[in-house]
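Me: I'm new to reading protein models and would like a close look at a single part of this one. Could you walk me through the start of the chain, and then show me how the same kinds of contacts turn up further along?

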Amino acid sequence: MLVSKQGLALAACALTVAHPALADITPDQVWHDLETYFQSFGYEVRATESRTSGALRLSDVALRMALPEGEGEIRAQIGEMLLAPAGDAVTISLPARFPLVMTLTPTGEDEIETVDMTYEVALGDPEMTVSGAPDDTTWDYSFATMGLSLSELIVDGDVLGQDAARFAVAAGPVAGRSRMELVDGLRDIAQTVRFGDVTFDLSGSDPGADPGTGGTFAGAVGGLTAENRTRLPQGTPSDDMAALLNAGFDASGTLAWTDSQTVFAVTEARDEATGRTSSGAGTMDFAMSPDGMTYDLDVSGVEIEVTPQGMPFPLAAGMDRIAMNLGAPVSAAQAPQDIALGLTLGGASLSEAIWGMIDPQAMLPRDPATIVLDMTGKVTPYTDLFDPEALAKLETGNVRPGEINALTLNSLTAEAAGARLTGEGAFTFDNTDLDSFDGLPAPEGEVNLRLVGANALIDKLMALGAVDQAQAMGARMMLGMFAVPGDAEDSLTSTIRVNKRGQILANGQRIK
């Protein structure tokens with residue numbers, strides 16, 4: 001996540017996301033606050049200042065920041081900026097293009113010693129205005145286009161051409177508004193940005209590999225928008241997430257898009273594999289605070305098509321919906337904290353080409369498959385997730401990361417080839433008993449399962465030749481050990497219970 005942290009501050013330059021200026025906004029106040037903002041991210045800021053008719057002209061504007069652990073630096077040579085009064089606001093003029101240089105000096109056992117990457121930042125028709133009151137400013141900005149492209153790559157002194165590495169990303173039209181408030185030592189940032197359509201194009205090859213070896217990846221995301229809210233502690237190092245969280249860091253946001261497409265190709269010794277993907281609308285929500293972090297993704301209408309090397313026709317699959325969610329604590333605590341995990345793979349289907357290879361006689365139902373998992377629970381973390389020293393102690397094996405206190409299976413659904421499995425259940429865990437289950441906390445609770453269509457599926461797999469009679473008999477015997485007949489044809493139910501004495505029972509029969 002190194003690039004993303006430093007990139008946040010550089011993006012602020014392009015989007016001019018700075019913190020509040022003072023009353024009766026003046027160009028000098030805006031520049032001072034912008035300079036302070038970059039310095040809070042660890043950047044050195046240089047510029048030559050001159051003033052004319054109330055305007056502030058900045059020349060030779062440059063940013064520089066050393067990367068952690070001596071692994072390089074980032075430099076932006078912005079050039080000239082003009083901050084001019086406009087009534088009760090200040091307008092900011094930026095250059096249409098400026099270079100961004102990243103130098104990497106890996107300190108590990110990598111064979112590469114130095115990598116110099118020069119990118120060109122391109123801003124089409126930039127318009128920016130700063131307005132507001134003391135410690136409460138609003139930044140409005142728009143760009144016809146925004147772009148970032150790799151213009152030069154040097155590895156250990158050797159200049160690599162576009163055939164070895166290409167990278168370009170562009171967006172537009174871009175429009176946004178950011179409101180900044182400084183309250184009780186926290187910078188409160190609320191931002192909404194419309195990026196328009198985003199395109200990307202990258203490729204690469206290993207100069208030392210066989211000729212004709214490499215890969216390309218390109219695509220577009222339509223109607224991309226972002227909304228976020230951040231409370232950023234002042235005076236806390238931006239690269240120390242543990243300290244930021246302890247000081248009250250709180251961030252949340254949503255990305256949304258209307259559609260997306262990608263195409264890719266991988267070539268090895270001139271043998272090529274190609275593919276494409278597409279999706280409909282999607283959203284991604286994220287949040288992080290001292291109370292924990294959450295992540296939610298929801299995408300509709302996903303399709304993928306791949307033509308492997310040597311395959312004369314493409315293989316395709318689709319899914320009506322892909323969704324997942326994750327929730328976990330990030331700070332050490334004395335009381336149990338919430339966790340969550342969810343996954344939905346809804347309406348998965350395969351192309352006739354794939355079905356023709358695995359089931360040419362059409363023995364299996366080809367209805368779309370679905371998997372849904374929804375779990376929540378409680379854990380007591382002993383370690384801060386972003387504390388490097390605490391994480392290093394875990395590697396010794398002498399420190400426990402925490403306790404699992406409870407786990408609830410809210411719902412489980414797995415449906416494919418005419419069979420359907422559903423379930424729910426809940427368990428608590430005794431962390432003082434690490435003997436009953438070979439070092440794991442002893443569980444207590446039960447899970448209830450229901451399976452429909454299992455025997456019919458086994459029969460069809462036998463007819464297909466996927467399993468033989470002995471394997472089918474073994475599967476049916478296993479089902480008989482753990483399940484009992486349900487209330488419908490070809491249905492089975494099972495209740496697996498673990499009691500306080502560490503016994504495991506299946507439908508009342510002890511199996512451990």
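Reply: What follows is a walk from an early helix into the strands after it, with a few stops further on. Keep in mind that this is a predicted model.

Let's start with helix α2, which covers residues 27-40. The helix has 14 residues and reaches 20 Å from its first C-alpha to its last, close to the 20 Å expected at 1.5 Å a residue. Which of its residues are buried? They are Pro27, Val30, Trp31, Asp33, Leu34, Tyr37 and Phe38. Try looking down the axis of α2: the buried residues fall within an arc of 165°, so they line one face of the helix.

Now pick out Phe38, since it leads us on. Phe38 is buried, with a relative accessible area of 3%. Its ring forms an aromatic pair with Tyr43. In general, a pair of aromatic rings is described by the distance of the centres and the angle of the planes. Here the centres are 6.1 Å apart and the planes make an angle of 85°, which makes the pair edge-to-face. Tyr43 is buried too, at 4% relative accessibility. The structure holds three aromatic pairs. Just after α2 you'll also find Gly42, which takes a positive phi of about 95°.

Next come the strands. Strand β1 spans residues 44-52 and strand β2 spans residues 55-66. The two run antiparallel and are joined by eight bridges. For one spot to check, find Arg46, which stands opposite Ala62 in β2. β1 and β2 form a hairpin with two residues between them, and Ser53 in the turn has a positive phi of about 55°.

The pattern goes on with strand β3, residues 72-86. β2 and β3 run antiparallel as well, with nine bridges joining them. This hairpin has five residues between its strands, and Glu69 in the turn has a positive phi of about 60°. As you trace these strands, remember that in a regular strand the side chains alternate between the two faces of the sheet.

Arg64 deserves a pause. Its bridge partner in β3 is Arg75. The side chain of Arg64 also meets that of Glu44 in a salt bridge, 3.3 Å from N to O. Why does this pair tie together parts that are apart in sequence? Arg64 lies in β2 and Glu44 in β1, so the pair links parts that are 20 residues apart. Side chains of opposite charge can pair when their charged atoms come close. Are these two buried, exposed or in between? Arg64 is partly exposed, with a relative accessible area of 31%, and Glu44 counts as partly exposed at 47%. The pair isn't on its own, either: Glu44, Arg64, Glu73 and Arg75 are linked in a network of salt bridges.

With that picture in hand, let's go further along the chain. The structure holds 21 salt bridges, and two others are worth finding. One is between Glu305 and Arg276, with the closest N and O atoms 3.6 Å apart. Glu305 is in strand β19 (residues 292-307) and Arg276 in strand β17 (residues 271-279), so this pair links distant parts of the chain, 29 residues apart. Glu305 is partly exposed at a relative accessible area of 25%, and Arg276 is partly exposed at 34%.

The other joins Glu446 and Arg497, whose closest N and O atoms are 2.5 Å apart. Glu446 lies in strand β25 (residues 442-452) and Arg497 in strand β27 (residues 491-498), so the pair ties together parts that are 51 residues apart in sequence. Glu446 is partly exposed, with a relative accessible area of 25%, and Arg497 is partly exposed, with 36%.

You can find antiparallel pairing further along too. Strand β20 (residues 315-328) and strand β21 (residues 337-350) pair that way over nine bridges, and Ala317 stands opposite Leu350 in β21. β21 is in turn joined by ten bridges to strand β22 (residues 369-381), again antiparallel. There, Thr344 has Val372 in β22 as its bridge partner.

One last stop is a contact between a charge and a ring. The charged end of Lys512 sits over the ring of Phe437, 4.7 Å from its centre.

How values were computed. Residues numbered from 1 in each chain as written. Predicted model: local features only at pLDDT ≥ 70, side-chain atom pairs only at ≥ 80, totals over all residues. Heavy atoms only, no water. Pairing = 2+ DSSP bridges. Helix = DSSP H or I, 4+ residues; strand = E, 2+ residues; numbered from the N terminus. Salt bridge = Lys/Arg side-chain N within 4 Å of Asp/Glu carboxyl O. Buried < 20%, exposed > 50% of the residue type's maximum accessible area, 1.4 Å probe, protein only. Expected span 1.5 Å × (residues − 1). Arc of directions from axis to C-beta. Phe/Tyr/Trp six-rings, centres within 6.5 Å; stacked < 30°, edge-to-face > 60°. Lys NZ or Arg CZ within 6 Å of the ring centre and 35° of its normal.
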